[in-house]
Amino acid sequence: MSPIVKLIAQRIALGVLLLLAVSVLIFAGTQILPGDVAQSILGQSATPQALANLREELGLNDPAYIRYLRWLGGVLTGDLGTALSSRQDIAASIWPRLKNTLFLAFWAALVSVPLAIVLGLLAVRYRNGFVDKLISGLALASTSLPEFFVGYLLVFFFAVKLQWFPGISTVYDGMPFGQRMMAIALPATALTLVVLAHMMRMTRAAILNVMQSAYIETAELKGLRAFDIIRKHAFPNAIAPIVNVVMLNLAFLIVGVVVIEVIFVYPGMGQYLVDHVAKRDVPVVQAVGLIFAAVYIGLNMVADIAAILANPRLRHPK
Amino acid sequence: MSKELEFLSRGVVAGKLSRRDFLGRAAALGATAVFANSLLSSAAKAQSPVKGGILRAGMQGGAATDSLDPASWSSQVPYFFGRQWGEQLVQIDATGVLQPALAEEWGASDDAKVWTFKIRQGVQFHNGKEMTPADVLATMERHSDEASKSGALGIMGGIENVKVDGQNVVFTLKEANADLPFLLDDYHLMIQPNGGKDNPTEGIGTGPYKVTVNEPGVRLGGEKFAGYWRDDRGFADQIEIIVINDATARTSALQGGQVNMINRVEPKIVELIKRVPGVTIQNVAGKGHYVFIAHCNTAPFDNNDLRLALKYALDREELVQKILFGYGSVGNDTPINKAYPLYTEMEQRTFDPEKAAEHYKKSGHSGPVLLRTSDVAFPGAVDAAQLYQQSAAKCGITLEIKREPGDGYWSEVWNKQPFSASYWGGRPTQDQMYSTAYYSKADWNDTRFQREDFDKMLFAARAELDVEKRKKIYADMGQMVRDEGGVITPMFNDFIDATGPNVGGWAPDGNQEMMGGYALSKCWLNA
């Protein structure tokens, strides 16, 4: 087996292990919560007999580790259980929400990641000049504004005043693709503005760091054009930190956008989680928590692997 | 300009602007009299129903945890959707009079203990089956069953049994109740095939729209049911409810035209929204009210003179202007206002520093009075308490305000602490309101108003079938609560909804927000 494959396999195994540990934490956390699940389903007026019946039915009388294993088994076979509040199958009701979240995150990422990197490269090329300051200034300004404010500004100008895009982004199954894109135009723009600066600044800093190296000076002395030096020699060596920050922002786009979802009335995972937390619907909270953890761990793993592939030195740990 | 004129012309039709004023305003805007007159006639024409189109509502009050099971409803969106796809036996109209729905007629035995409802024939469920008295019976059974956890359990508790008798359904009550038909308007009691026992969440009823989209907390949709039995509602081909819990997003959706109507416009932005061309604010006096509640059995509030002093020390007009921005009406220290059937006008209590000081002196109380309030008590409750503090100071009464955290307010402060701010939603009848919060033994008697003579009057009124006699008893009860109770009612809040440019058929209905819940069925889209 080639060392790279082995390393990647190790990383993946580590990720899976971590996810298992997180699942234990999530399960334990929801067990510590005060109150009894049966009681919270049946409400205060429940009779002791009804409580006992429901406990039996839900298997709450078994020891915690058995319930954990049963839950984990269910998760592995795609059965996330049934929501306490609406009695709907969790997997079936999460899936459309997750799809929506991924759809929005995908388009926001597709715009923001290349844009951030190109702007970062441009900032390095014209460093300390007008262009650099303009790019950095605008990006920092858009990040410094709270996301709800950016959202409301976009709604005010583009939905209410100009009426170019809808102000609410309700999407549903069977919606034509064009309409769907129109619907997510504003939230995707808001998200882009929110995550842009972080990635752009990181790209700029990482490349500037490399630009101090001796081999860059050599390249300059060889007479290469400034942009070629950045593209061919500096960027590949700066890729690891850039990938890291990009992945962090992608994770944010998936798990951290509840405010944007509320403002634009976008039916994503964030609002779904909040609704169920409010009703103390533990199985749903567990399921969403696990999905969010998996996203974080997965994306961080991708960042690690990309860094290893980009930097041969990391392949040979001392 | 034309948008503004159109807006004005609708004002004329709605009776908010005289024809003369309209023509004057039109001239000021530079329109010729002929053009202005033609606009006026097209606005008048728009008042006859137009069929077709998709009517959309943007609503606060929905969550991903909502269900189509009527027994589970407790928030706005599922309730409002239910009003479009389901029907009860009866319906309270905008004037508070009970109208037939799935029951054609009804009547009571002389002692008001046995009620007979004649069930309408030829009404179809959305699944094609005909609605029968057996379905009515099954519905009542399901909502009486403890296991259903129905929101109507409290209502069903007073019913001894329900039986089918030919085309009739007969309710036998444990105790006489002249208001039983009103109780059956409860939105949980949608008549469903076999009472919904087979599948509580299938969402099949007899309403004008059948459920086509059910994405809880996101979007709910309905399609006109071809077999619907009446023709005075259900004009749009399709209806859609979009859950928009954020107030700003809701208003911008209405302005942008993505929805035709919204609920819960915040009083403080009403004046701004009014200026938007095409948008009409629809406010109506409701039964909901904000209260300061003093426990009649706890010192120092067990002294009626202190309670009266506190009642006179409140500037109600000021609170209506500053907290509700005028979108409400002053309260009179009872939970009842003119939106209730059998209401009798009483002398309005006003801010009176002299009387307040007089009663305060008589009470012999000294030192500050502690009032607990919180952001969640009602919108603006903290500000309201401060205004109350200032007006009380003018009467020589020191109110000490304690701001409590919102989390836990309803479990730790309300109905526990002797003097606090709170709110009440309305009930369909006076009997319901008084039974819930003023009957001696009620769990929610949050003023600890425990008077045997009041309870006796409550029962007497409940069993009384003679309307005039009942009205008299309720007037006496209202007087008693006003002068001796522990409730200090500064104001009744309006329901404030808003409609977009093309909505026709809106009529005020104070039973609930959104035209008593029937807005999507009773309105139409002007082409």
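**Exercise 1. Determine how many residues each chain gives to the contact between chains A and B, and describe the side of chain A.**

Solution. The model is predicted; local features need pLDDT of at least 70, side-chain atom pairs count only at pLDDT 80 or more, and totals for chains, interfaces and linings use all residues. Residues are numbered from 1 along each chain as its sequence is written, while chains are lettered from A and ligands numbered from 1 in the order in which they are written.

Step 1. Two residues are in contact if their C-beta atoms, placed from the backbone, lie within 7 Å. Chain A gives 26 residues and chain B gives 23 residues.

Step 2. On the side of chain A that touches chain B, the elements giving two or more residues are α7 (147-161), α11 (258-264) and α12 (269-278). Helices (H or I, at least four residues) and strands (E, at least two) are DSSP runs, numbered from the N terminus. The largest share, five residues, comes from α12(A).

Step 3. By class, this side of chain A has 14 nonpolar, eight polar and four charged residues. Ala, Val, Leu, Ile, Met, Phe, Trp, Tyr, Cys and Pro count as nonpolar, Asp, Glu, Lys and Arg as charged, and the others, Gly among them, as polar.

**Exercise 2. Describe how helices α5 and α13 of chain A cross.**

Solution. Step 1. The axes of α5 (residues 90-125) and α13 (residues 282-310) of chain A come within 11 Å and cross at roughly 45°. Axes are lines fitted to C-alpha atoms, for helices over the stretch in contact, and angles run from 0 to 180 degrees between N-to-C directions.

Step 2. Angles under 35 degrees count as roughly parallel, over 145 as roughly antiparallel, 65 to 115 as roughly perpendicular and the rest as oblique; α5(A) and α13(A) are therefore oblique to each other.

Step 3. A:Ile90, A:Ile94 and A:Leu98 of α5(A) make the contact with A:Pro283, A:Val284, A:Ala287 and A:Ile291 of α13(A). This contact has seven nonpolar, no polar and no charged residues.

**Exercise 3. Describe the pairing of strands β8 and β9 of chain B.**

Solution. Step 1. Strands β8 (residues 209-215) and β9 (residues 219-224) of chain B run antiparallel and are joined by six bridges; two strands pair if DSSP finds at least two bridges between them.

Step 2. Opposite B:Val211 stands B:Gly222 in β9(B).

Step 3. Three residues lie between β8(B) and β9(B), which form a hairpin, and B:Gly217 in the turn has a positive phi of about 80°.
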